[in-house]
Protein chains: 4
Amino acid sequence: MRFSYLGPRGTFTHMALSQLSTNEEEHVPAIDVPAALRMVRSGETDFAVVPIENSVEGGVNATIDSLSNGSTLRIVAEMLVPITFVLAAKKDIPLDQVKRISTHPHAWAQCQNWIAENLTEASHVPATSTAGAAKAMADGALNFDAVLCNPLSAEQYGLTVIAEGVADNPDAVTRFICVGTEDTPLPEPTGSDKTTLQVQLPSDEAGALLTMLEQFATRGVNLSRIESRPVGDSLGRYQFSIDCEGHVADERVQAVLIGLHRTSPLVRFFGSYPSALQKPVKLRPGTANQDFASARGWVASLLN
Amino acid sequence: MRFSYLGPRGTFTHMALSQLSTNEEEHVPAIDVPAALRMVRSGETDFAVVPIENSVEGGVNATIDSLSNGSTLRIVAEMLVPITFVLAAKKDIPLDQVKRISTHPHAWAQCQNWIAENLTEASHVPATSTAGAAKAMADGALNFDAVLCNPLSAEQYGLTVIAEGVADNPDAVTRFICVGTEDTPLPEPTGSDKTTLQVQLPSDEAGALLTMLEQFATRGVNLSRIESRPVGDSLGRYQFSIDCEGHVADERVQAVLIGLHRTSPLVRFFGSYPSALQKPVKLRPGTANQDFASARGWVASLLN
Amino acid sequence: MRFSYLGPRGTFTHMALSQLSTNEEEHVPAIDVPAALRMVRSGETDFAVVPIENSVEGGVNATIDSLSNGSTLRIVAEMLVPITFVLAAKKDIPLDQVKRISTHPHAWAQCQNWIAENLTEASHVPATSTAGAAKAMADGALNFDAVLCNPLSAEQYGLTVIAEGVADNPDAVTRFICVGTEDTPLPEPTGSDKTTLQVQLPSDEAGALLTMLEQFATRGVNLSRIESRPVGDSLGRYQFSIDCEGHVADERVQAVLIGLHRTSPLVRFFGSYPSALQKPVKLRPGTANQDFASARGWVASLLN
Amino acid sequence: MRFSYLGPRGTFTHMALSQLSTNEEEHVPAIDVPAALRMVRSGETDFAVVPIENSVEGGVNATIDSLSNGSTLRIVAEMLVPITFVLAAKKDIPLDQVKRISTHPHAWAQCQNWIAENLTEASHVPATSTAGAAKAMADGALNFDAVLCNPLSAEQYGLTVIAEGVADNPDAVTRFICVGTEDTPLPEPTGSDKTTLQVQLPSDEAGALLTMLEQFATRGVNLSRIESRPVGDSLGRYQFSIDCEGHVADERVQAVLIGLHRTSPLVRFFGSYPSALQKPVKLRPGTANQDFASARGWVASLLN
């Protein structure tokens with residue numbers, strides 16, 4: 001079993017992967033999210049672990065768009081990782097010597113307030129990941145003075161922590177997904193599942209979004225995430241990346257999918273998988289499997 | 001084959017029945033709508049012909065409520081009859097001698113303007129049907145001077161027409177239905193069909209009606225008639241009598257029925273039958289049978 | 001002050017009127033509902049008292065349609081009257097001698113079950129009101145053996161009660177309204193008010209009804225009654241008679257009225273008046289007058 | 001007049017700014033979007049020009065979030081800039097010598113296909129802007145071999161273009177906004193305007209989004225952009241950044257704002273300004289200013 005992940009070693013993504021597999025020999029770092037997913041599509045790895053949503057920064061567009069472009073993949077698990085940052089350097093230097101900080105733009109955004117208060121003059125040197133910045137510093141990069149990274153990668157790359165608790169929101173958490181190819185078997189329903197979809201709208205009218213959401217509401221299916229993404233051909237044409245509560249084995253989710261398939265120019269299914277929080281779904285009246293079954297039975301009886 | 005109908009001979013209902021059967025031996029007049037339907041329920045007749053909707057007076061509550069109360073019946077056909085009235089009497093009398101007019105309250109309502117202009121002092125003597133009034137006059141009733149009835153029954157009961165074209169709306173039309181027991185076979189779909197339902201709301205909130213109508217809208221099914229009727233236990237609790245476009249053999253109608261069955265405390269199906277006007281239903285995108293079939297096929301493919 | 005009402009003396013309507021005025025000299029009986037309202041329109045009386053809704057029989061079409069046709073009237077009060085029936089005759093006769101019963105068709109409908117059980121062979125002789133039947137019997141009519149009327153009119157016309165508690169639903173209640181001309185001052189808001197409207201739909205599509213109901217839902221205004229009535233020009237074109245919670249002095253009701261006026265070909269306002277039950281309206285969040293006022297204040301501030 | 005913008009000189013943002021002001025002395029480059037907006041908030045500049053939406057990459061989160069956090073700003077104009085990229089280096093080198101490419105992550109994403117086909121082994125060196133990458137190369141940076149930037153900045157920084165037309169979508173366009181402080185006067189309505197809002201949902205239910213969108217639909221106001229952004233306190237709580245058609249001087253837009261203000265925990269107004277495309281808004285029936293005015297007049301007449 002091989003897992004590609006957004007590397008290098010020590011990233012938050014790597015921490016998420018370690019919830020699934022602690023055997024480092026199975027771990028294959030990728031330079032970015034598209035590369036991690038490409039490895040699954042090409043068969044180089046069996047699964048990819050990538051971030052999909054951050055409680056502060058929102059949806060991870062690189063992941064959402066890489067899922068959308070290319071052969072269909074299947075999400076089989078989600079993992080939550082609390083996000084904590086430290087400021088680290090080659091050696092213990094005073095804060096007023098930190099002028100240039102390398103890190104991933106999301107990390108930079110999540111520490112804005114702390115930086116504004118403590119390092120007023122610091123500027124950002126972007127990196128492809130927080131661990132990548134730590135690794136570059138360990139490798140001797142000279143174009144920055146410190147990095148924002150997670151404590152693990154500071155340790156992993158032998159850096160010195162010069163400030164802790166630098167994240168603006170101490171409760172920040174990032175959600176990661178584990179993705180296989182389309183023929184990966186569906187995880188069994190657990191009663192607390194999520195289903196991830198991509199849905200295009202039939203037209204660019206506001207009413208079209210309303211109509212699409214009614215497909216969910218009519219069957220009592222809640223959304224837990226919705227991201228608009230451009231279709232890409234012109235401004236103002238959107239598709240939506242959606243997580244909804246429930247499993248494709250649930251009749252109410254099947255009814256939503258049937259409704260979307262009928263009325264959307266494009267709907268793609270990226271899998272049903274256990275919710276990381278395992279909070280049981282609260283069913284609205286008339287949306288349990290037996291409600292659908294008895295309703296279908298009644299309609300069938302009318303036809304004879 | 002025996003047909004009960006809202007009698008006596010010569011009623012508009014009788015005219016509607018004659019579109020189905022011209023053999024008078026098969027016709028069984030009933031004293032009122034509940035009686036006509038009771039005969040079907042008891043097996044005394046095979047079918048009942050009763051009015052359900054008038055273009056001026058609206059839904060015929062006696063029919064709607066008699067369908068709702070008692071064993072389930074099946075509507076197998078609808079017939080349209082243009083409504084025209086004459087003022088008739090035993091012999092040719094001048095209008096100013098007409099002080100009391102007997103007729104059915106609906107007929108009285110539909111000639112209000114003409115009466116207000118031509119017979120300012122006339123008062124209404126109610127009858128159970130327009131033909132019943134004509135028959136009573138022929139039988140020698142003395143408590144009225146003239147009747148409002150259709151031309152046929154004036155002729156049938158040997159009355160003299162003293163004024164024609166007395167209906168306020170010359171285009172008035174009444175819709176009749178032919179009703180059998182629940183085991184009457186469904187008429188085949190024609191592409192221009194109607195389905196008649198009774199639906200109770202889960203609560204007495206305005207939002208409940210909205211939610212119920214969305215079950216139709218989400219599947220692109222139009223309503224052609226909706227009547228609110230009290231549930232009967234208290235003011236403000238309603239159920240609805242509904243005609244919608246389409247046949248229960250149509251997948252979009254089945255999807256509506258499944259949605260209603262799941263979410264309503266009571267839904268009853270009174271049949272699918274050819275629309276009298278045979279105007280083909282204009283399907284909205286994504287609501288044809290093949291759209292449902294291919295959507296279901298897609299969802300099924302996700303489960304394997 | 002003069003009140004026309006659906007007469008003759010002793011009707012349920014008369015009982016409703018007595019909640020407003022006990023001075024019999026002010027009471028003017030009318031032969032039917034349209035006549036009672038015509039007297040107000042012509043200035044013959046100041047107000048009319050007429051039934052609008054029965055918990056068993058539903059909306060009173062004669063009232064709804066007479067409000068709709070002709071100059072605009074104003075409802076200023078509503079009254080509830082519990083509905084009880086007795087079977088009464090000239091003298092005490094055994095039930096098996098009762099073959100023909102005169103009463104108003106609504107009363108007949110509300111005693112169906114009792115009649116079916118106790119007077120299997122009895123037939124209906126329609127009357128314009130239950131009190132009218134009682135009066136006719138007192139006046140010596142011979143074409144029926146007994147009447148179904150309320151206890152008051154049995155007493156009033158000197159009849160003998162031969163059976164009590166004959167109504168199928170002992171909790172039946174009828175709602176009556178008191179109606180003046182358009183220039184009657186609006187009753188003050190009480191916190192538990194009703195507003196009565198007539199609304200036509202912009203098209204005959206099912207979606208049009210949904211859109212109209214959303215005008216209410218968006219402002220959190222509940223409906224307590226909705227009746228579809230034919231526009232009258234052809235089958236399938238409807239207008240709606242609606243009671244909603246709230247007073248036209250409430251901003252949320254004004255917002256509904258503005259929305260309806262913008263989008264409906266016809267909307268008429270028949271008044272705001274205290275609800276007979278005086279159950280306080282439960283406001284949804286964001287729909288109180290101060291919510292509207294502060295929202296308007298905010299928008300005004302953006303324009304400067 | 002001073003304009004901060006996402007610098008350095010030569011960025012696409014700089015091209016957008018040049019549509020408003022060609023006087024270079026008025027231009028103040030900022031190191032990132034938050035910095036450009038901070039200069040306006042602090043009074044250092046009068047306006048900031050920043051990107052808000054890319055037809056390929058979607059909403060620019062840094063801009064959306066920087067508008068949301070901090071004192072309210074006003075958008076007074078929008079500008080469209082077609083997006084074209086070149087691959088440029090210090091001197092003319094063959095493509096197979098290009099191993100590391102520096103550019104902004106959005107630019108990298110928009111040239112993925114071209115790179116995958118022509119530079120299979122190239123890796124990404126992130127930069128804060130495409131012009132920043134070009135400037136760094138001109139300044140002698142050694143950690144990359146080429147940059148992806150716009151033709152203008154290649155010229156501006158004296159680089160050699162080694163490949164043209166490298167963007168995957170030749171029709172890509174980015175939308176920029178010009179932002180002042182809250183007291184900047186509103187641009188006059190032109191008949192083709194946009195209004196930009198931030199709206200939080202009252203709860204985290206799917207139905208809450210539906211309800212919010214109905215505030216727009218009920219008044220016939222179309223959305224041209226909707227982005228979900230995390231509120232930031234936990235996963236699954238969203239706010240929305242919205243562009244809708246129309247000007248706050250339009251009554252229908254005011255009605256939407258009133259509805260949102262009543263029902264959302266937070267709604268912020270970021271301005272009404274002429275749409276760059278100047279395509280006239282197609283009004284739905286009943287949503288013109290005069291429809292609102294006459295409806296309000298009617299309601300006012302009911303209150304007297």
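Reader: Let's agree on terms: helices (H or I, at least four residues) and strands (E, at least two) are DSSP runs, numbered from the N terminus. So where is the place of B:Pro8?

Author: This is a predicted model, in which local features need pLDDT of at least 70, side-chain atom pairs count only at pLDDT 80 or more, and totals for chains, interfaces and linings use all residues. Residues are numbered from 1 along each chain as its sequence is written, while chains are lettered from A and ligands numbered from 1 in the order in which they are written. The peptide bond that leads from B:Gly7 into B:Pro8 is cis, with omega near 5°. As for its place, B:Pro8 is in the loop between β1 (3-6) and α1 (12-17) of chain B.

Reader: And in chain D, what is omega for the bond that joins D:Gly7 and D:Pro8?

Author: Most residues other than glycine have a negative phi, and most peptide bonds are trans. D:Pro8 is in the loop between β1 (3-6) and α1 (12-17) of chain D. The bond joining D:Gly7 and D:Pro8 is cis, and its omega is about 5°.

Reader: What about A:Gln278, is that one buried or exposed?

Author: A:Gln278 is in the loop between β15 (267-274) and α10 of chain A, and has a positive phi of about 50° without being a glycine. The call rests on C-beta atoms placed from the backbone: a residue is buried if 20 or more others lie within 10 Å of its own, exposed if 12 or fewer, and partly exposed in between. A:Gln278 has 10 C-beta neighbours inside 10 Å, so it counts as exposed.

Reader: Then what is phi of B:Gln278?

Author: B:Gln278 is found in the loop between β15 (267-274) and α10 (289-303) of chain B. With 10 other C-beta atoms within 10 Å, B:Gln278 is exposed. Its phi is positive, though this is a residue other than glycine, and is near 50°.

Reader: Which residues does A:Leu302 touch, sequence neighbours aside?

Author: A:Leu302 is in helix α10 (residues 289-303) of chain A, and its 18 other C-beta atoms within 10 Å make it partly exposed. Touching, or contact, means that the C-beta atoms of two residues, placed from the backbone, lie within 7 Å. Not counting residues up to four places away in sequence, A:Leu302 touches B:Val248 and B:Phe269.

Reader: Staying in chain A, how many residues of α9(A) are buried?

Author: Helix α9 covers residues 251-263 of chain A and reaches 18 Å from its first C-alpha to its last, close to the 18 Å expected. That expected span is 1.5 Å times one less than the number of residues. The helix is largely enclosed by the rest of the structure, because its buried residues number 13 of the 13.

Reader: How many residues does the largest nonpolar core have?

Author: A nonpolar core is a set of buried Ala, Val, Leu, Ile, Met, Phe, Trp, Tyr and Cys residues joined through C-beta atoms within 7 Å. In the largest one, the residues with the most contacts inside it are B:Ala48, B:Val50, B:Ala88, C:Ala48, C:Val50 and C:Ala88, and its residues number 183.

Reader: How do α2(C) and α3(C) pack, and at what angle?

Author: Axes here are lines fitted to C-alpha atoms, for helices over the stretch in contact, and angles run from 0 to 180 degrees between N-to-C directions. C:Val33, C:Pro34 and C:Leu37 in α2(C) meet C:Ala62, C:Thr63 and C:Ser66 in α3(C). Helix α2 (residues 33-42) and helix α3 (residues 61-68) of chain C have their axes 9 Å apart and pack at an angle of about 30°.

Reader: Which residues of α3(C) are buried?

Author: α3(C) is mostly covered, with 6 of its 8 residues buried. Just after α3(C), C:Gly70 takes a positive phi of about 115°. The buried residues of the helix are C:Ala62, C:Thr63, C:Ile64, C:Asp65, C:Ser66 and C:Leu67.

Reader: On the side of chain A that touches chain D, how many residues are nonpolar, polar and charged?

Author: This contact takes 40 residues from chain A and 40 residues from chain D. On the chain A side, the elements giving two or more residues are β8 (123-126), β11 (173-181), α8 (206-217) and β13 (223-230). Count Ala, Val, Leu, Ile, Met, Phe, Trp, Tyr, Cys and Pro as nonpolar, Asp, Glu, Lys and Arg as charged, and the others, Gly among them, as polar. The chain A side then divides into 16 nonpolar, 15 polar and 9 charged.

Reader: Chain A and chain C do not touch, so how far apart are their nearest C-alpha atoms?

Author: Chain B and chain D do not touch either, and their nearest C-alpha atoms are 12 Å apart. For chain A and chain C, the nearest C-alpha atoms are apart by 12 Å.
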